[in-house]
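Colleague: Please take a close look at one part of this model, the second largest pocket, and describe what surrounds it.

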Amino acid sequence: FRRKGKDGTRVETSGAWTFLLTAMIVLFSISAFMVLVGTSMPILSSLAGNPFTPQISFYNTANLPIYVLALGLLGVAPFSAWRRESWRDWDRKWWVAVGGAAVGTVVAILLGARGFQFLLLLFAALMAVVANILRFVQVGRVRLLHTGAAIAHLGFAAMFVGILASSVWDRVEEVQLPIGQPVRALDHILTYRGHVEGSSPKDLWRVAVMKPEQAERVGHLRMYQVQSGNGEGSLMRNPAILRSWDRDTYLAPLGMETGKQVLDLRENAPARIAGGTVTFLGFQVDTSAEGGHMQENSLVRIEPDGGPPETVSLVIGQTPDGQLAGQAQRPASLGGQTSMVVKRLSVEQRAIQLEVLSGSGTETLVVQFAIKPGMNLVWGGTILMALGCAIAVIRRTVESRVATSPTATAAKKVAA
């Protein structure tokens, strides 16, 4: 900053580095406090008799100004060195950082980025990136061991650029993958290759991903059932992540469909099936079947989603060798693509076991397929932050050893 002295002359001063460091600590503390308030709100609000959980928008709104200021300070900090620096040099480097951030923001707008809050945060992050690159070059020319702060700050800002890029330009699609059948999604071709042999009990499932005219890559999704202490089962799912230099590709398992449902139905108790609801209405005995064999017809009412109901008579009778066998039917109300057959019945309990086969019955893996550009900046930024901290620790260790060395001690005594 510049101010006038008592005699009216201009006095060159530099922004206090200790002030910037303190401001960053305060901002991170405020952010942590807002997160604490949000995560504690269900408990705090329940004490007042009106429990509620804040939405994600609460955290975004509360933390947006904090991180805009934090990234803005990281864009200023490289020019506020420990030593005094002239305003002319400070001014020139500042405008280089601002200009680079402005160019990057305009490019983002041309690529479809929208929203004032997003663009403001992106501008601050890009300014911090450019400023710390300039600082790294300036310090690295003199002494590479003094670049720890610039590298760590560059990593922090780059991580934010990656987070913003992945949130705005990501693409997501839910895909059904019949085994062995290629399916096109998001300009890629996905092929479900089945279960990975030997991966049980934590089952792995293999999916091949290929872009046209590029080599095929295989992802392994993990999806398996676990039993809790009360005997209830839950589905554990871990995505497959295929990384490249400009994006991460995610394959998140949602479930497995075989197209087959086995329902134990009691009289007048509806049950849900694919595409509608089915209700067992009762039995109807038919003694006029071919060959004189008795048939036990089961009356079933089908209520399709968005269509008129239909009542069908499903047959299960005795074969010449005395065995019970059901006859499959394809109700018209379900589009003729779903077959139903009675597998067992109990006249005393007024119940049947109904097998419903939807579609072709092919084993189908359902996944959420997502492409997230810019994730390499997130991982790279994290690595840079760790590297910068390591360099800073090494620098302090080296300087401490030099300061306590016999030569340095003797030099201090001579100077004294």
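Modeller: What follows covers the pocket, then a helix that lines it, then a separate sheet. The model is predicted. The second largest pocket holds about 370 Å³ of space. Its lining is made up of 14 residues, and those closest to the centre are N60, L64, L121, I163 and L164. Three elements each give two or more residues to this lining: α2 (56-76), α4 (116-142) and α5. Of these, α2 provides the largest share, with six residues. Sorted by class, the lining of the pocket counts nine nonpolar and five polar residues, and no charged ones.

Helix α5 can be described further. It spans residues 148-168, 21 residues in total, and its first and last C-alpha atoms lie 31 Å apart. That is close to the 30 Å expected at 1.5 Å a residue. Because 16 of its 21 residues are buried, with under 20% relative accessible area, α5 is largely enclosed by the rest of the structure.

For the sheet, the strand order is β11-β18-β17, in an open arrangement of three strands with antiparallel pairing. The edge strands, each pairing on one side only, are β11 (260-266) and β17 (338-346). On average, neighbouring strands of this sheet are turned by 20° against each other, direction ignored. Between β11 and β18 (residues 351-358) there are seven bridges, and these two strands run antiparallel. Within β18, A351 is the residue that stands opposite R266.

Conventions: Residues are numbered from 1 along each chain as its sequence is written. This is a predicted model: local features need pLDDT of at least 70, side-chain atom pairs count only at pLDDT 80 or more; totals for chains, interfaces and linings use all residues. Side-chain values use heavy atoms; hydrogens and water are left out. Helices (H or I, at least four residues) and strands (E, at least two) are DSSP runs, numbered from the N terminus. The expected span of a helix is 1.5 Å times one less than its number of residues. Buried means under 20% relative accessible area, exposed over 50%, partly exposed in between (1.4 Å probe, protein chains only). On a 1 Å grid over the protein atoms alone, a cavity is a set of points where a 1.4 Å probe fits but cannot get out, and a pocket is an open set with protein on both sides within 12 Å along at least five of seven lines; lining residues have an atom within 4 Å of a point. Grid points are joined across faces, edges and corners, and a volume is the space filled by probe spheres set on the points. Ala, Val, Leu, Ile, Met, Phe, Trp, Tyr, Cys and Pro count as nonpolar, Asp, Glu, Lys and Arg as charged, and the others, Gly among them, as polar. Two strands pair if DSSP finds at least two bridges between them. Axes are lines fitted to C-alpha atoms, for helices over the stretch in contact, and angles run from 0 to 180 degrees between N-to-C directions.
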